[in-house]
Structures are given as C-alpha cells and as structure tokens.
Amino acid sequence: MLPKEFGFSVFPNPFNSVVTIKIMLPVSGELEVGVFDLAGREVAMVADGYYPVGDYEFAWDAEGVGERD
C-alpha cells in the first residue's frame, strides 16, 4: 500500500554551506536521504536506515565539498 502523504522541504534554498532537510513519514520504513551533484554523483548520505512514522530533520554541511586535495 502506498503512503497517503509524504512531505519534505529543504531550507534555506539556496544555501551557503549548511542545509536542513525536513521529512514527514506517514508510514514506518526504510529511508535513504542522499545528496547528489548535478552530474548525479552521490556527495553524501544524510540518513540511511529504518525510521518509524514521524517528522525528522537532518542537517547537512556542504563545507569542503568539491574542494580538491
């Protein structure tokens, strides 16, 4: 059965280096929240696991992403 409602928001948009990702899960289950660049490459995995029904906030800091060693 598909969830009746799923919600998410990302703010601020655009952001400097830190972004907050809010997700509302109407049903419990596996959740993966990843960040990808414009070429489709994964930059970061913000959340990965089982989450019960509820509202969640994940912060991601982009500082240093894309810098070369």
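Three aromatic pairs are counted in this predicted model. One of them joins Y51 and Y56 in an edge-to-face arrangement, with 5.0 Å from centre to centre and 75° between the planes. Another joins Y56 and F58, which are stacked, with 6.4 Å centre to centre and 15° between the planes. Y51, Y56 and F58 together form one aromatic cluster. Y51 counts as buried because its relative accessibility is 17%, under the 20% cut-off. Y56 and F58 are buried as well.

These aromatic residues sit in a chain built from strands. The chain has five strands and zero helices, and its elements run β-β-β-β-β from the N terminus on. Of its 69 residues, 26% are buried. The chain exposes about 5500 Å², and carbon and sulfur atoms supply 53% of that area. Among the contacts with a separation of 6 or more, 38% are between residues 24 or more positions apart.

How far the model can be read depends on its confidence. The mean pLDDT of the chain is 83, and 81% of the residues reach 70 or more. Confidence is lowest in strand β1 (residues 7–11), with a mean of 72, and highest in β4, with a mean of 94. Where pLDDT is low, the predicted coordinates should not be read in detail.

The pairing of the strands can be followed next. Strand β3 (residues 29–36) pairs with strand β4 (residues 42–51) in the antiparallel sense, over eight bridges. Within this pair, L31 stands opposite G49 in β4. β3 and β4 form a hairpin with five residues between them, and G40 in the turn has a positive phi of about 85°. Strands β2 and β5 also run antiparallel and are joined by eight bridges. Here V19 has W60 in β5 as its bridge partner.

Strand β5 shows how the side chains are sorted between two faces. G54, Y56, F58 and W60 point to one face and are buried. D55, E57, A59 and D61 point to the other face and are not buried. Y56 and F58, met above in the aromatic cluster, are thus both on the buried face of β5.

The buried side chains lead to the nonpolar cores. Which residues make up the largest nonpolar core? This core has nine residues: I21, I23, L25, L31, V33, A47, Y51, Y56 and F58. β2 (18–25), β3, β4 and β5 each supply at least two residues of the core. The largest share, three residues, comes from β2. The whole aromatic cluster of Y51, Y56 and F58 is included in this core. A47, another member, touches L31, E32, V33 and F58, not counting residues up to four places away in sequence. Apart from this core lies another, of five residues, among them V35, A44, W60 and A62.

Two alanines of the second core can be looked at in turn. A44 is in strand β4. Why does A44 count as buried? Its relative accessibility is 15%, and buried means under 20%, so A44 falls in the buried class. Leaving aside neighbours within four places in sequence, A44 is in contact with V33, G34, V35 and W60. Of these, V33 belongs to the largest core, while V35 and W60 are in the second core with A44.

A62 is found in the segment after β5 (54–61). A62 counts as buried because its relative accessibility is 17%, again under the 20% cut-off. A62 and A44 are 18 residues apart along the chain, and their C-alpha atoms are separated by 9.0 Å. A62 and V18 are 44 residues apart in sequence, with 6.0 Å between their C-alpha atoms.

E30 gives a contrast to these buried residues. Is E30, which is found in strand β3, buried or exposed? E30 counts as exposed because its relative accessibility is 64%, over the 50% cut-off. Neighbours within four places in sequence aside, E30 is in contact with G49 and Y50. E30 and A47 are 17 residues apart in sequence and 9.8 Å apart in space, C-alpha to C-alpha.

Terms used: Residues are numbered from 1 along each chain as its sequence is written. This is a predicted model: local features need pLDDT of at least 70, side-chain atom pairs count only at pLDDT 80 or more; totals for chains, interfaces and linings use all residues. Side-chain values use heavy atoms; hydrogens and water are left out. Helices (H or I, at least four residues) and strands (E, at least two) are DSSP runs, numbered from the N terminus. Buried means under 20% relative accessible area, exposed over 50%, partly exposed in between (1.4 Å probe, protein chains only). Two strands pair if DSSP finds at least two bridges between them. A nonpolar core is a set of buried Ala, Val, Leu, Ile, Met, Phe, Trp, Tyr and Cys residues joined through side-chain atoms within 4.5 Å. Contact means heavy atoms within 4.5 Å. Rings of Phe, Tyr and Trp (its six-membered ring) pair if their centres lie within 6.5 Å; planes under 30 degrees apart count as stacked, over 60 as edge-to-face and the rest as tilted. Accessible areas come from the Shrake-Rupley method with a 1.4 Å probe; for residues, only the protein chains shown count as cover. pLDDT is the predictor's confidence in each residue, from 0 to 100.
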